[in-house]
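Here are a few exercises to work through with the model open in your viewer. Try each one before you read its solution.

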Amino acid sequence: MPKSELPVLDLATALEAMDNDREMYGEILSMYLTSTISLFTEMETQLRENDTDGLIRSAHTLKSSSRTIGGLNLGASAEKLEHTVPSYSPDEILESISSLRSQFIKLCAALSPEGFPVPLQR
Amino acid sequence: MSLFPSLRTCSDPVELMRAQVALFITFLGAGFSIVSGGIKLYRHEYAAGGIDLLTAFILALGLVLVRTVLDFRIWRESGLILMSVYFIYLFTSPNYENSAAFWTLLIPLMAPYISGLRRSLVIIVLTLCVVLIHFIWISAPHYTLVFKIRFLAVYLLISILAHAYNTMQAIVLLSLNREVSRTKELHSELEREKEYLERLYQTLPCAIISRSADGTITRFNAETERLTGYSAEEVLNQSSQPWVPSEKSDNADSPDDCTPERTGSNIECRIRRKDGTSLDVLGSSVPVFDKNGTTHTTVDLFFDISERKRLENELIIARTRAELESSKALDASRAKSVFLMSMSHELRTPINGIVGMNSLLLDTPLTREQHEFAENIGRASKNLLGIINDVLDFIDVETGSMVLTPVPVDLRDLIDGIMSAAAENTENKHLDIQALVDASVPPCCMADPVRLRQIISSLVSNAIKFTPSGEVFLSVRAAEESDGNVSLRFDIIDTGIGIPAEKRQMLFKPFSQIETSAARTHYGSGLGLALSRRLAELLGGEIGVSSTSGKGSTFWFTIKLAVCPPPAGKPPLPVNARLLQGITIVLITPHPLERKVLIYHIEHAGGNTTTFSNTTDFIEHLRISQTGTTPYNAILVADEEGKDVPADWLLPVKLETRLRNIPLLLLSARQRNTMDEPGISTIVSRPIRQYQLITSILKNCRKPEEASQKPVVTTKHPHAEPLGTEDLLEMKPLRILVAEDNAVNRKVVERYLQKAGYDAEFAKNGAEAVAMHQKSHYDLILMDCLMPEMSGYDATRAIRYDEKQTPPLSSVATVICALTANTSQEDKNRCLECGMDDFLNKPVSWKNFTATLKKWEETIRTRKKRPSSATEKSNNA
């Protein structure tokens, strides 16, 4: 499947991987949401400080954790950034981060109807 | 003239005797006639006339016989005697008809003195006179024409017969008179009955109208006049009933109109009075049938029910008004709830933003003062969020929109979680917080864990809030069990400030606070208890409180749950098995409640306990007993607040040679690592969790028979537990290290391990993992490949290098399993080349994870049983 056609959220696969344990998924999702928000800030800081290794690591982290919770599209985009950071200009990287942000928001929006409201968790 | 000429002139004695016998018989007949007639009269028997005729017939027969047999003259005397007797009867009887009889009697008396045609004429004239007299006297309306004709016919017939037989005529007339007299009596009686009925008819408080078969009104009583306003003269003999409305009313609510066709049961209807007004009546029509079964007349009956209808209408108006008011109030209440709900949602969004942003702010470099402010903001926002959530939940319950989702719940697990969270939030108070789930509570029940947790958490946090020092104790027990359902009772007992009796009643009311002054010390929405009550009711139970001011309170609630088998893949905790049979544990804790809970759990699992308040007492006890060996299998010591380990209080235990081989378990609320606590076999966390307590004891202690039969295997590892048997070896958990920099992936692995029943330690990068491995032996390391500071590849190489350079801490080499998102064969080869044993693809699935874990656990245990060969194999690899 081409990456552009990847779903924003593949909840079924993610839940299946976690033995359909919705409670566990909710717990991990909560941690994902908190850590990802700060990860974007961290990536912008790394970009400002020209920390290429840090950026690769952050993109790797985003890729890995997004796939864990079923955010396949975001995971693919993060992977793309992970591999292209050394060849990208700072503007291109900034644009990629911005794109990742909007995909993250879409992912959050897709989670709400599935019974995992973001960020209004009670 | 002599009264009895015939007798006086009779000279023949035989004839005289005959005359005397005839007189005697006549007397007898007359007496019998009078007496029997009198009796019949006295009895008011209408049919008496018939019997009198029979009597008359007998008498007449007797007299004719006498007349025929004896001489005519004798009859004459007999007639006179008879007449004399009859006169007496006449004078004593008040009946006027008897006068007629008197006149009639004159006819035969006169007859012997007249002869021929004259005699006949006299008889006829006299008879006619008597008949006329009878017609004048017997003129009452109750004598019908038929009766009169019949009377006349009989009279004439008898008169004609009397012409031939004078005697019989007189007696028959006497009888007829008696019949007339009876009829008169009956007539009077009928008159009285008629008068009574008429009076009743007129005075009954009910309109009664009689109608003939063709509908003509024949009777009409006074009440009908009063109700309809029409007089009897206006409507009698009329076929129409002017009070029956000609058209049906347009008003749908009005009673049915009265129509003549309505018969049988009562109906409510409205009549139109003469003055044009309407009147509500309850009416019915009753057909009256004649003996042939055809309708003779119809009787209409009406009762005035206007007063009742007026009251009914007033009642309906009042009720409608009340319903309207109630509906308005309900609408207002619903509108208020909807407003509150939308307001709360609107409030929650920005507060969530504040909480989120504040947590991000706390991660940025801040001065100490700024950090403190940010933390305060975080606390306040979370409190506010909690209150809003309470309000939302309360509205959900009130509006009936809260839906329970029952799932299989392990109550012990649930309560362990609640108590752990509660213990972390004791606001630095020195409280002994404990929970005890009784053995009667089933392992698994169908419950909504969110709502159940909400009630228990609310009551426990309240107890903590209002208890400055002492204990907070949660007890759960099964009150009754039947038909697969169990009724559970939860008691939350504290030694806090208590609640004054007068304020207890307002506790469960929404938005009520016991402290209402501005200077109150405890804050909250005042919804917690009200919400708990509603939730408990929703779960089929109730809630209550008992309290002594200054001494503490006990909040309790009950719920009804269905017992269910534990879900597949999650075996129940072995709470009822006697796992600690034959094991004796020394318990050293200064807290009575903690001691009570520990004793319950250990003894319920079949173990024995010896308790001491502190270590000094325990050592003193050992010194006094002076035995070479100790009967204990493990020592469980509660740490003391504010004292670090190792400290003076624990040192005597460690130094005691007789206790050297006995595992030492530390009960602590603080996060500790056994690696940092020399001499401690394991840490048991506070508050006590039943399952963790039992498994910790099982994993660390030796049973007495095993200790005596087999030597203890000692290792170089300072914290290695004494291994005695294969059973204990089986129980000994794998020591697992997880090296993962990604918090999300770390959490995933942590949850998977928890779910599979393993504990693990964590490193955030390769360098940390290497350092931890140098300090301690791990059976299994789950190693992420890409990590900051040191990658997983480099860390693996370093660990393998260490294992070759320095003697291993354990008899077997560590298994290292890569956690990698790169799944190509090239990547796998790279992992194997640097010394890893296996790899798990990321995202890690539960299925792969457990399969890998199981595979390596078996391998590790096998290697441990054959240490030398395994080590060699590993080293060769």
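**Exercise 1.** In this predicted model, find which residues of the largest nonpolar core touch the most other members.

*Solution.* Start with the whole set: the core holds 52 residues. Rank them by how many other members they touch, and Y25(A), Y32(A), I736(B), L782(B) and F849(B) come out on top. Next, sort the core by element: helix 2 (residues 22-48) of chain A gives the largest share, 10 residues. Now zoom in on F849(B). Skip its neighbours within four places in sequence, and its contacts are V749(B), Y752(B), L753(B), L782(B), L840(B) and V844(B). Apart from this core lies another one, of 50 residues, with C445(B), L459(B), L539(B) and I543(B) among them.

**Exercise 2.** Work out which strands pair with strand 19 (residues 736-739) of chain B, and whether its faces are covered or open.

*Solution.* Take the pairing partners one at a time. Strand 20 (residues 760-763) of chain B runs parallel to strand 19 of chain B, with 4 bridges joining them; here A739(B) has A763(B) as its bridge partner. Strand 21 of chain B is parallel to strand 19 of chain B too, again through 4 bridges, and V738(B) is partnered by L782(B). Then check the faces: I736(B) and V738(B) on one side, and L737(B) and A739(B) on the other, are all buried, so both faces are covered. Last, trace the connection: strand 19, helix 23 (residues 743-756) and strand 20, all of chain B, form a right-handed β-α-β unit.

**Exercise 3.** Check the length of helix 25 (residues 792-805) of chain B against its residue count, and list what covers its buried residues.

*Solution.* With 14 residues at 1.5 Å each, the helix should span 20 Å; the end C-alpha atoms sit 20 Å apart, so the two agree. Its buried residues are G792(B), Y793(B), A795(B), T796(B), I799(B), R800(B), D802(B) and E803(B). The cover includes helix 24 (766-775), strand 21 (780-784), strand 22 (815-820) and helix 26 (825-833) of chain B.

**Exercise 4.** Give the strand order of the open sheet of 5 strands in chain B, and find its edges.

*Solution.* The order reads 15-14-16-17-18, with parallel pairing. Strand 15 (608-612) and strand 18 (682-685) of chain B each pair on one side only, which makes them the edges. From one strand to the next, the twist averages 25°. Finally, add a helix: helix 20 (residues 690-700) of chain B lies across strands 14, 16, 17 and 18 of chain B, at about 165° to strand 18 of chain B.

How values were computed
Residues numbered from 1 in each chain as written. Chains lettered and ligands numbered in written order. Predicted model: local features only at pLDDT ≥ 70, side-chain atom pairs only at ≥ 80, totals over all residues. Heavy atoms only, no water. Helix = DSSP H or I, 4+ residues; strand = E, 2+ residues; numbered from the N terminus. Expected span 1.5 Å × (residues − 1). Buried < 20%, exposed > 50% of the residue type's maximum accessible area, 1.4 Å probe, protein only. Contact = heavy atoms within 4.5 Å. Pairing = 2+ DSSP bridges. Right-handed = clockwise from strand over helix to strand, strands pointing away. Core = buried A, V, L, I, M, F, W, Y, C linked by side-chain atoms within 4.5 Å. Axes fitted to C-alpha atoms, helices over the stretch in contact; angles between N-to-C directions.
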